[in-house]
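Subject: Structure for your review

Dear colleague,

Please find below the structure that I am handing over to you. My notes on what was found in it follow directly after.

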Amino acid sequence: MTTVVDQSVKNVTDALKALNIWDNTLFIWTNDNGSPVSVGGSNYPFRGSKGNNFEGGVHVPLLVSGGILPEGMKGKSLDGMMHITDWYATFCYLAGAINPNDDNPDAPSPIDSINMWPYLSGQVMESPRNMIIHDHLMYSDTTQGAIRNGKYKLVIMNESQAGWYGQFSPNTSWNKNMEQIYACSVDKPCLFDLEADITEHNDISSENPDIVKSMVELFHSYDNEHHPPKKAPPDDKDGYCAALYAAKGFCVPW
């Protein structure tokens, strides 16, 4: 898969350069989640897998290139926080004075997006984002999930696939029981200092009860915020196709 991605990226960048539009291009390569360790994936050295809230499930690479990226930022690495939803406000800004905040009362949800272009372009040295709600499962018997605030991350649920799976998984040490490794809980959340322990080996909740308390309160402060409906709405393929056609190939609310 990696080879195919490499070839595809080369084909796209070569085409953009051949058309003389690379200098006016912002090229972004990103991911939605970590790799599933049970089917040949690797999130090494991070803990966890696709589908959970350890860094192996949520900490993914992002590459930004193209002609509009300032020369001084090319080849640089940034380690500040960014969420995939931040691309919305960033693209609105780059498109020119588009308000990312939808004031339509019938909009599907409030906007949770931050313009990251000042950070990506080197205008500011620190990411404007300092918090991410990784998961907030309100529609269960107990509100549970995970939240990061600054350097701390709280996992407030019984999280699955809570192991470290090596540079390639499954490997010779793999067995099916490794899918049944659980850690943390609602009653006893795990607290990690990601600046000191990005691999999440050390649960520091016992030594920092005040931080746990404040993180739990912050987590529950979102209990009454917007959540997806408990049941998915009925399929409307005809409406979807009509909206797609009317917007000339772009997916928009309908």
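A charge is said to sit over a ring if NZ of Lys or CZ of Arg is within 6 Å of the ring centre and within 35 degrees of the ring normal. The charged end of K17 meets this description, since it sits over the ring of W22 at 5.1 Å from the centre. A second case is R47, whose charged end sits over the ring of F54, 4.4 Å from the centre of that ring. Please keep in mind throughout that this is a predicted model.

**The chain as a whole**

The chain contains six helices and six strands. Read along the sequence, they follow the pattern α-β-α-β-α-α-β-β-β-β-α-α. The C-alpha trace spans about 55 × 45 × 40 Å along its principal axes. Of the 254 residues in the chain, 32% are buried. Among contacts with a separation of 6 or more, 60% are between residues 24 or more positions apart.

**Helix α5 and what lies against it**

Helix α5 covers residues 209–220, which makes twelve residues. From its first C-alpha to its last, α5 reaches 16 Å, close to the 16 Å expected at 1.5 Å a residue. Which residues of α5 are buried? They are V212, M215 and F219. These residues cover an arc of only 70° around the axis, and therefore they lie on the same side of α5. The general background is that an α-helix has 3.6 residues a turn, so residues three or four places apart point the same way. As for their surroundings, the buried residues of α5 pack against four strands: β3 (131–137), β4 (144–149), β5 (152–156) and β6 (190–193).

**Strands β3, β4 and β5**

Strand β4 is joined to β3 and also to β5. Between β3 and β4, which run antiparallel, there are six bridges. In this pairing, D135 stands opposite A146 of β4. Five bridges join β4 to β5, and these two strands also run antiparallel. Here G145 has I156 in β5 as its bridge partner. The hairpin of β4 and β5 has two residues between the strands, and G150 in that hairpin takes a positive phi near 65°. Is β4 mostly covered or mostly uncovered? It is mostly covered, as five of its six residues are buried.

**Helix α3 and an aromatic pair**

The buried residues of helix α3 are D86, W87, A89, T90 and C92. They pack against two strands, β1 (27–29) and β2 (63–65), and against helix α4 (117–120).

How many aromatic pairs does a search of the whole structure find? The search finds four. One of them is formed by W87 and F91, whose ring centres are 5.3 Å apart and whose planes stand at 20°, so the pair is stacked. The reasoning rests on a cut-off: planes under 30 degrees apart count as stacked. Both residues belong to α3 (residues 86–96), and because they are four residues apart they are separated by about one helical turn. Their exposure can be described in turn. W87 is buried, with a relative accessible area of 8%, whereas F91 is partly exposed, at 41%.

**Backbone details in the loops**

Three loop residues deserve a separate note.

- P45 lies in the loop between β1 and α2 (55–58). The peptide bond leading from Y44 to P45 is cis, with omega near 5°.
- N20 is found in the loop between α1 (2–18) and β1. Its phi is near 60°, a positive value in a residue other than glycine. With a relative accessibility of 69%, N20 counts as exposed, because exposed means over 50%.
- C184 is located in the loop between β5 and β6. Its phi is near 70°, again a positive value in a residue other than glycine. C184 has a relative accessible area of 12% and is buried, because buried means under 20%.

When you look at the structure yourself, you may wish to begin with α5 and the strands that its buried residues pack against, and then turn to the stacked pair of W87 and F91.

Yours sincerely,
A colleague

Technical notes
Residues numbered from 1 in each chain as written. Predicted model: local features only at pLDDT ≥ 70, side-chain atom pairs only at ≥ 80, totals over all residues. Heavy atoms only, no water. Expected span 1.5 Å × (residues − 1). Buried < 20%, exposed > 50% of the residue type's maximum accessible area, 1.4 Å probe, protein only. Arc of directions from axis to C-beta. Contact = heavy atoms within 4.5 Å. Phe/Tyr/Trp six-rings, centres within 6.5 Å; stacked < 30°, edge-to-face > 60°. Pairing = 2+ DSSP bridges.
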